[in-house]
Amino acid sequence: MKATRNRSHEARPRPERDARPEQEREPQHQPKRQLVRREGPLPAERLPLILEVAPSDDYALLDSGDGRKLEQYGPYRIVRPEGQAIWRPALPDREWGRADAIFTGNTDEEGMGRWQFPRNPLGETWPMKHDGIDYLGRFTSFRHVGVFPEQGSHWDHMAALIENARRPVKVLNLFGYTGLASLVAARAGAEVTHVDASKKAIGWARENQEVARLTNKPIRWIVEDAMKFAEREERRGSRYDIILFDPPAYGRGPKGEVWQLFEHLPALADICRSILTPKPLAVVLTAYSIRASFFAIHALMRDTFAGMGGAVESGELIIREKSAGRALSTSLFSRWVAR
Ligand SMILES: C[S@@+](CC[C@H](N)C(=O)[O-])C[C@H]1O[C@@H](n2cnc3c(N)ncnc32)[C@H](O)[C@@H]1O
């Protein structure tokens, strides 16, 4: 059966232009896309799929427990809060005592936040590697370190799709953060468009491209609201073979556009479908810190990709702990794959 194309989006009246300077404007709310149910057979399904990152020389979850995790990021041992680690640590205190950096709590501060360096004062960045790609680890506010190592499972899968396609592949990375996925895709041979609302994150991603010595690879770095960008690509007829989207639960575009995952995800998923090439490879959604099961995003992705064939695979991204082999769940994912 043929899938119905959603044309209502094009018919939407244009909002009036706001002549006030940007600082004085109300935060923009995302326009509502009129969603219609996609027709056609649902894609096959594979679930639960648990994608695991094992300890390596580049990154390891050394131990966890008592609400914290001890991780090795290249040369540094780092301790951060981990609400799910409700068990006891397996390693003795002296191992935790050898930490180079400790994040001491939540903070609204910009910049280095509440990082402490018990051994030596450390700079903001340090050298890291993922599968031979050099990049920078980074102490940022909100306890993050410039990379989400569990995403490595998606990166390997995507790189294999690009390499096996044996044709030019276009990748769109929405909410792309510090650009690791974009670098992996570009190294595998894809032409990449990377979108993030944060100028700072785009700056870090560009820096990573230099550190990785991949500046000769075609990556477009775009500071933009993810939804707005995707809508514009739909209007312009730009198409992609692989789309990654890793939206936060709540975020803001550069002009104050509001992103609310539960409100806007169905529309963004639908737009992602409509900006795929005729021979697409995959659409990969990851969701962190939301009150939902992977069954929820699985159902959304299956409905969204009705009539496209392929399969929707959903589950969790986990990190396997080195000390006692426990699994630390980091996020939910759902991905449509063409085969
Ligand atoms: C969870 S991080 C993405 C992690 C990344 N995919 C990775 O694997 O390393 C979320 C990113 O979304 C960006 N963001 C938040 N709201 C946004 C919006 N409305 N449009 C575009 N990007 C947004 C943030 O600046 C941040 O870089």
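What share of the 339 residues in the chain is buried? Buried residues make up 41% of them, where buried means 20 or more other C-beta atoms within 10 Å of a residue's own, exposed means 12 or fewer, and partly exposed lies in between, with C-beta atoms placed from the backbone.

Before you start clicking, note that this is a predicted model: local features need pLDDT of at least 70, side-chain atom pairs count only at pLDDT 80 or more, and totals for chains, interfaces and linings use all residues. Residues are numbered from 1 along each chain as its sequence is written.

**The whole chain**

Switch on a cartoon view. The chain has 8 helices and 17 strands; these are DSSP runs, numbered from the N terminus, with helices being H or I of at least four residues and strands E of at least two. Among contacts (C-beta atoms, placed from the backbone, within 7 Å) between residues at least 6 apart in sequence, 67% join residues at least 24 apart.

**Stop 1: helix α3**

Select residues 152-165. This helix, α3, has 14 residues and reaches 20 Å from first C-alpha to last, close to the 20 Å expected at 1.5 Å a residue; the expected span is 1.5 Å times one less than the number of residues. Now colour Gly152, His154, Trp155, Met158, Leu161 and Ile162, which are buried. Show their surroundings and you will find them packing against β1 (44-53), β7 (125-130), α4 (180-187), β12 (242-245) and β15 (282-287). Just after the helix comes Arg166, with a positive phi near 50°.

**Stop 2: α3 against α4**

Add α4 to the selection. The two helices α3 and α4 pack at an angle of about 25°, with axes 9 Å apart; axes are lines fitted to C-alpha atoms, for helices over the stretch in contact, and angles run from 0 to 180 degrees between N-to-C directions. That angle makes α3 roughly parallel to α4 (under 35 degrees is roughly parallel, over 145 roughly antiparallel, 65 to 115 roughly perpendicular, the rest oblique). The crossing of α3 and α4 is right-handed, the near helix being turned clockwise from the far one by less than a right angle, while anticlockwise would be left-handed. Show side chains for Trp155, Met158, Ala159 and Ile162 of α3 and for Leu180, Ala181, Val184 and Ala185 of α4, which make the contact. These divide into 8 nonpolar, no polar and no charged (Ala, Val, Leu, Ile, Met, Phe, Trp, Tyr, Cys and Pro count as nonpolar, Asp, Glu, Lys and Arg as charged, and the others, Gly among them, as polar).

**Stop 3: Ala181**

Centre on Ala181 in α4. Ala181 counts as buried because it has 28 C-beta neighbours inside 10 Å. Leaving out residues up to four places away in sequence, Ala181 touches Gln151, Trp155, Asn173, Gly176 and Leu244. Ala181 and Gln151 are 30 residues apart along the chain, with C-alpha atoms separated by 8.1 Å.

**Stop 4: helix α7 and its partner**

Select residues 261-274 for α7, which has 14 residues and reaches 19 Å, close to the 20 Å expected. Its buried residues include His264, Leu268 and Cys272. Bring in α8 (294-304), part of what covers the buried residues of α7. The axes of α7 and α8 come within 10 Å and cross at roughly 40°. Leu265, Pro266, Ala269, Asp270 and Arg273 of α7 meet Leu300, Met301 and Thr304 of α8, giving 5 nonpolar, 1 polar and 2 charged residues.

**Last stop: Arg38**

Finish at Arg38, in the loop between α1 (8-11) and β1. Measure from Arg38 to Asp303: they are 265 residues apart in sequence and 6.6 Å apart in space, C-alpha to C-alpha.

Key:
Two residues are in contact if their C-beta atoms, placed from the backbone, lie within 7 Å.
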